[in-house]
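Trainee: I should like to learn how to read the features of a model directly from its atoms. May we proceed one feature at a time?

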Amino acid sequence: DIILEGNMKKIPMRTCIGCNIAKPKKELIRIVKSSDGEVSIDFTGKKNGRGAYVCRDISCLEKAIKTKRLSRTFEMPIENEVYEKLKIEIESESDN
């Protein structure tokens, strides 16, 4: 976590599963595995469950898919539907 000098507010840092670089939490997309084993994108960052983070960059997502990083993090196979939703989310953000 980074602490800003002026108002002493901490910025939570998380590591991207694609590029392995720590970035502020708000710059990343959170993927969460709930207690019942459902994997989904967490837009609020507040869903319960095990979380993993990926940059809002298609190359980071592709690297995470290629290395099966998400599957290893959640200790289960990840359906292509989750990856497709992430790709759509990243591409729609880059259009703005």
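Trainee: Which cysteine sulfur is closest to the sulfur of C55, and why is there no bond between them?

Mentor: A word on conventions first. This is a predicted model, in which local features need pLDDT of at least 70 and side-chain atom pairs count only at pLDDT 80 or more, while totals for chains, interfaces and linings use all residues. Residues are numbered from 1 along each chain as its sequence is written, and side-chain values use heavy atoms, with hydrogens and water left out. A disulfide is a pair of cysteine sulfur atoms within 2.5 Å. The closest cysteine sulfur to that of C55 belongs to C16, and it lies 3.5 Å away, too far for a bond. For C60, the closest cysteine sulfur is in C19, at 3.7 Å, which is also too far for a bond. A search of the whole structure returns 0 disulfides.

Trainee: Are C55 and C60 buried or exposed?

Mentor: The classes rest on relative accessible area: buried means under 20%, exposed over 50%, and partly exposed in between, with a 1.4 Å probe and protein chains only. C55 has 2% relative accessibility and counts as buried; C60, at 6%, counts as buried.

Trainee: How should the strands be read, and in what order do they stand in the sheet?

Mentor: Strands of a sheet pair through backbone hydrogen bonds, either parallel or antiparallel. Helices (H or I, at least four residues) and strands (E, at least two) are DSSP runs, numbered from the N terminus, and two strands pair if DSSP finds at least two bridges between them. Here an open sheet of 3 strands has the order 6-5-7, with antiparallel pairing. Strand 6 and strand 7 stand at the edges with a single partner strand each, so one side of each has no neighbour in the sheet. From one strand to the next, the twist averages 30 degrees.

Trainee: How many bridges join strand 5 to strand 6, and how many join strand 5 to strand 7?

Mentor: Strand 5 and strand 6 are joined by 4 bridges, and V32 stands opposite S40 in strand 6. Their hairpin has 5 residues between the strands, and in it G37 takes a positive phi near 90 degrees. Strand 5 and strand 7 are joined by 6 bridges; there, K33 has R50 of strand 7 as its bridge partner.

Trainee: Which residues of helix 3 are buried, and what covers them?

Mentor: The buried residues of helix 3 are V82, Y83, L86, E89 and I90. They lie on the same side of helix 3 because they cover an arc of only 125 degrees around the axis, the arc being that of the directions from the helix axis to the C-beta atoms. The face turned away from this buried side carries the exposed residues N80, I88 and D95. The cover over the buried residues includes strand 5 (28–33), strand 6 (39–42), strand 7 (50–55), helix 1 (58–66) and helix 2 (69–74).

Trainee: Which residues of helix 1 are buried?

Mentor: In helix 1 they are C60, L61 and A64. These fall within an arc of 100 degrees seen down the axis, so they line one face of the helix. Strand 7, helix 2 and helix 3 are among the elements that cover them.

Trainee: Which residues does S71 contact?

Mentor: Contact means heavy atoms within 4.5 Å. S71, found in helix 2, is buried with a relative accessible area of 18%. Leaving aside neighbours within four places in sequence, S71 is in contact with M76, P77, I78 and Y83.

Definitions and conventions: Axes are lines fitted to C-alpha atoms, for helices over the stretch in contact, and angles run from 0 to 180 degrees between N-to-C directions.
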